[in-house]
Amino acid sequence: MADLTQGAVDSLVGLLKTAVTKEAKLLGGLQGDMEFIKDEMESMNGFLIHLTKTEGMHDDQLRAWMKQVRDISYIAQDCIELYRRDFMAPPTGGLRARLRHYLLQLGRLRARDRLARRISDLKARVKDVAERRERYQVSIPKPKEDDGLPPQWLALDAEQASLHPDEIQEARENFLRALARDKEKQELSCFDEATGLLQSTATKPIPSYEEAIGLLVPQDLQSTANQVRRCLLQHFSHQRDRATVCLEMLLRALQDHSRVRRAVDKSKGELNKLVDEAGMDINDFPTQVMIFCYSKLSRSYKSCLQYLYAFRDETAISRTSLVRRWLAEGRVERQAGASKQADASLEEVAEICFKDLLFRGFLLPADDPATVNTKVKTCKIDNIVWKFLRRMSTTDNFVDSLPTHLDYQLRIRQYVKRQEEHLHGNHPRPRHSRSICGRGTMPLGDSAAADPDPMVDMLNFLNSLDQTYRLNVLDLGGCKGLEKSHLKSICKIISLKYLSLRNTDVSHLPWQINNLVLLETLDIRQTKVQGQDINQIYLRKLKHLLTSFKMKMTTEEETLCWAGMPSRIGKMEDMEILSRVQIQDGKKELNEVGRLVKLRKLGVVLAGSQSQAQDNMNNLLQAITKLRECLCSLSIWVTPSPTNNGDPSVIVNMEMVQEQSAPKLLKSLNIRGVRFLNTRLPGWIRELQQLSEITLCDTFLSRYSLQDLGNNLHHLRCLRLRRSSYNDHKLTFGKDGFQELRLLIIEGNTVTTVEFQEDMSCPRLKKIVWRNMSLKQEGTLSGIQHLEGLEDVELKGCFADLTSIANNMGPKGRLIHVLHLQD
C-alpha cells in the first residue's frame with residue numbers, strides 16, 4: 001500500500017533537489033525552508049522504501065501517517081510549481097526577456113510574500129508529521145524471510161529476460177490465440193445440435209483454458225494455475241463471468257512472469273497460500289485472485305490503472321487520450337531495470353504501459369473490427385474490473401470514497417454530458433448578463449433558473465476549487481455549445497497541462513490561450529479552428545498539437561480547410577507531435593520545424609501548383625534530414641490545385657540529394673497525393689529499416705515498386721493500399737519479400753485480383769481486409785492456402801469463389817463478407 005505514497009514523495013524530492021541546487025539564488029530567503037523540507041522528505045522516503053518491502057495490510061496508525069505524507073507531497077509540489085511558473089527567470093531569451101521578467105516581478109511582490117508564508121507553513125507541517133511518526137511510534141512491520149524484493153522489482157516482467165521485444169510480442173500473441181481457442185472450444189461444447197441453440201450464459205461452464213495453461217513455463221506453475229482453476233470451478237460455477245475474468249487475468253499475469261525464476265517461485269508460493277486459505281472466506285476468493293494480479297504491477301502501472309476510473313461514464317476510452325492524460329497527471333515513470341524503456345520518451349513508456357495493461361486483461365479492446373489497425377485505438381473495462389478498481393483506488397488512497405482527483409474528473413465529464421442533454425432536449429439557453437466570466441449571477445426570478453447552463457455550472461465548480469488543488473486535465477471532448485466566454489474562463493486555469501476541445505463546435509481560440517503556460521497537449525481535432533487562431537498559439541511547454549482538417553461541401557465542388565502552423569513554432573522546443581498542419585510559407589515554416597529536435601510525429605499538408613508542391617517538398621526533405629535522430633512517424637499529404645483537372649495526385653520528385661539523409665528511427669510512413677517519378681518509390685524510403693507500417697493513397701505505384709517494398713523493408717508488419725495507390729488490376733505476392741507482414745489492407749476500385757503464389761509468400765500474414773469498390777468486376781482472392789498463419793479475411797463488396805476462399809483458410813481461419821459497401 002505504500003508504493004503510491006512513495007511515488008508522490010519521489011516526485012517531490014526530485015523537484016526539491018532542482019529547486020535548492022540550480023535555483024538557490026532565485027529562492028533567496030526561501031532556500032533554508034526548502035532545504036529543511038527536502039531533508040525531511042528524503043528521510044520519509046527512506047522509511048517508505050522499507051514499507052514497500054513488507055507484505056500484508058498496514059495498521060490504522062501507519063495508514064493515517066502515509067495519507068498525511070501524501071497530502072503534504074501534493075501541496076509541496078503545488079507550491080514549488082507555482083514558484084517556478086511565476087517567479088523564475090526564463091531559461092532563454094536573452095537580456096531583454098530577463099529584464100521584462102524582473103519588471104513583472106515588481107507587481108508580484110505580494111503574491112511572492114503569500115507563497116513564502118505558504119512554504120513556511122508547509123515547513124512547520126512537515127516537521128509536525130515527522131515528529132508524529134515518532135510520537136505515536138509508527139514503525140515498519142517486520143518483513144518475512146522471503147521478502148527480499150520490493151513489488152516494483154517483481155513487477156518487471158519478460159523484459160528481464162534476454163528476449164527481443166518482437167519475440168516477447170510473438171509469445172503474447174500466441175498466448176492470446178490459445179486463450180481464444182480455449183473459449184471457442186467451450187462455446188462449441190455448449191452447442192445443442194438437437195435444438196441448434198447455445199446454452200444460456202448463466203448455465204455455461206467456466207472455460208478450462210487447457211491450451212493456455214499448457215503454454216506456462218515452468219511446468220510446476222501449470223499445476224498451481226490448475227489449483228486456482230479447480231477452486232473457481234468448485235465454488236463459483238454459478239458466477240461464471242466473475243470466475244472467468246479472474247482466471248483469465250491470472251493466466252495472463254503468470255504468462256508475463258514465467259521467465260523470471262525468482263518471481264515464479266514467489267508467485268507460486270502466494271497462490272498456494274491463497275488456495276489453502278480459500279475456505280476461510282471463499283466468497284472473497286475471486287477478488288483475492290485479482291489482488292494477486294494487481295500486486296504484480298509496478299507502482300506506476302497501479303497509478304495509471306486507478307486513473308482509469310476517471311473514464312467510468314465513457315462507453316469507450318481513447319488510447320491516445322488516456323496516454324496523454326496519464327502524462328499530464330504525472331502518472332508515468334520509467335521502471336528501474338526496464339531495458340525496453342531506457343531510451344524511450346515518457347509517452348512511449350506510457351504506450352508500453354497501455355499495451356501491458358491490455359495484455360494483462362485490465363483493459364479490453366473496443367475497436368470496431370471493420371476499422372482494424374495494428375494498434376488498439378479504443379478500449380473498455382469489464383464491470384467486474386470497474387468494481388475492483390474502485391476498491392483498490394479507495395484502499396490505496398486511504399479514503400472511503402473516490403480520491404479527489406478522480407472525483408473531480410468524473411464531475412467534469414458529467415457536466416459535459418449534461419450539456420449534451422441540455423442541447424438535445426431543446427431547452428432554452430439561459431442568458432446571463434454576466435456569467436462566471438464576469439463574476440455575475442442570474443436573478444432568482446429568472447425562469448431559466450430551473451434549467452441552468454451546465455457550462456456555467458462547470459466553470460463555477462472550477463472556480464470554487466481550493467487554491468492548493470492543481471487541475472492538470474480538462475477534457476471537454478464532444479461538448480457542444482462552448483462559447484467564447486467559456487473558453488476565456490478556461491484559459492484562467494493556468495495549471496492545465498492537457499486541454500481537449502476535440503469534436504466540439506469551437507470555431508475560434510481566444511488569444512488568452514497563451515496564458516496556459518504549462519499546457520503540454522492541445523487537442524482541437526474535429527473543430528473549426530484554423531488560420532489565425534492556430535498562427536497565434538505560442539506555448540513553450542506544448543508537446544502535442546493535434547489538429548485535423550474539415551471538409552466543406554459547396555454547390556460546385558469539395559474544398560478542404562486545414563489548420564495552419566503556429567508562427568513561432570521553432571521556439572516551442574518541447575514539441576513532440578505536430579499533426580496535420582498546412583504548409584503555407586514552405587521555406588520559413590519548415591526551417592522552423594527542423595529546429596524541433598524532440599519531434600517524433602509530423603503530419604504536413606502541401607498544397608498549391610506542381611511547382612509550389614515541389615518547392616515545399618524540397619524544403620520538407622531538408623527538415624526531415626534535420627530531424628533524422630528523432631522522427632518516428634511521418635505523414636505527407638499533397639493536395640492538387642483546382643487547375644489539376646481532377647487528378648488526385650501531383651507529380652513530385654521526393655529523392656533526397658547527397659547531403660540529405662532519411663530519419664533512421666522512422667517506423668510509420670503515410671503518403672497521399674504524390675505521383676512518384678517513374679512510378680517508383682524514392683531510394684531513401686527503401687532504406688528505412690525500422691519502418692513497420694506504410695500507408696499509400698493516390699500514389700499510382702507500379703508493381704515493381706511494390707516488389708521494392710517487400711524486398712527492402714524487412715520489418716514491415718502493416719501495408720495499407722488505399723485508393724489509387726497501385727496502378728495495376730492484379731496484385732501479386734511472390735515467395736520473396738514481405739516476410740514480416742501481419743496485416744494487409746486494400747481499398748479502391750483498381751485492384752480486382754490478389755494472388756499469393758508460393759508457400760513462402762507473406763509467411764506471417766494474419767489478416768487481410770479488402771474493400772472492393774469496383775462496380776464492373778468481382779474481386780478474386782487466390783492462393784491463400786499458402787498462408788498457414790492466416791486467421792481473418794474481411795471482404796467488403798462483390799467477390800467471386802467465396803466458398804473456395806473459406807475452404808482454403810484452414811480450421812483456424814475466419815471469413816467475414818459484407819456485400820453492401822457503405823459510403
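## Phe756 and the nonpolar cores

Outside its neighbours within four places in sequence, Phe756 is in contact (heavy atoms within 4.5 Å) with Phe733, Leu744, Ser761, Cys762, Leu765, Ile768, Leu781, Ser782, Gly783, Ile784, His786 and Leu787. The structure is a predicted model, in which local features need pLDDT of at least 70 and side-chain atom pairs count only at pLDDT 80 or more, while totals for chains, interfaces and linings use all residues. Residues are numbered from 1 along each chain as its sequence is written, and side-chain values use heavy atoms, with hydrogens and water left out.

Phe756 is also one of the residues with the most contacts inside the largest nonpolar core, together with Leu462, Leu476, Leu499 and Met617. Such a core is a set of buried Ala, Val, Leu, Ile, Met, Phe, Trp, Tyr and Cys residues joined through side-chain atoms within 4.5 Å. This one has 110 residues. Helix α23 (residues 610–626) gives the most to this core, with six residues. Another core, of 74 residues, lies apart from it and includes Ala212, Leu251, Leu274 and Ala350.

## Helix α14

Helices (H or I, at least four residues) and strands (E, at least two) are DSSP runs, numbered from the N terminus. Buried means under 20% relative accessible area, exposed over 50%, and partly exposed in between (1.4 Å probe, protein chains only).

Helix α14 spans residues 299–307 and is mostly covered, nine of its nine residues being buried. The buried residues include the charged side chains' positions Arg299 and Lys302, along with Ser300, Tyr301, Ser303, Cys304, Leu305, Gln306 and Tyr307.

## Salt bridges

A salt bridge is a side-chain nitrogen of Lys or Arg within 4 Å of a carboxyl oxygen of Asp or Glu. By this rule the count is 38. In one of them, Arg418 pairs with Asp457, with the closest N and O atoms 3.0 Å apart. Arg418 lies in helix α18 (residues 404–424) and Asp457 in helix α19 (residues 454–463), so the pair ties together parts 39 residues apart in sequence. Arg418 is partly exposed at 33% relative accessibility, and Asp457 is partly exposed at 24%.

Asp574 forms a salt bridge with Lys598, again with the closest N and O atoms 3.0 Å apart. Asp574 is in the loop between β11 (558–561) and β12 (577–583), and Lys598 is in the loop between α22 (586–593) and β13 (601–608), so this pair ties together parts 24 residues apart in sequence. Glu592 and Arg595 meet at 3.2 Å, N to O. Glu592 is buried at 16% relative accessible area, whereas Arg595 is partly exposed at 43%. Salt bridges with shared partners join Glu170, Glu740, Arg742 and Arg764 into one network.
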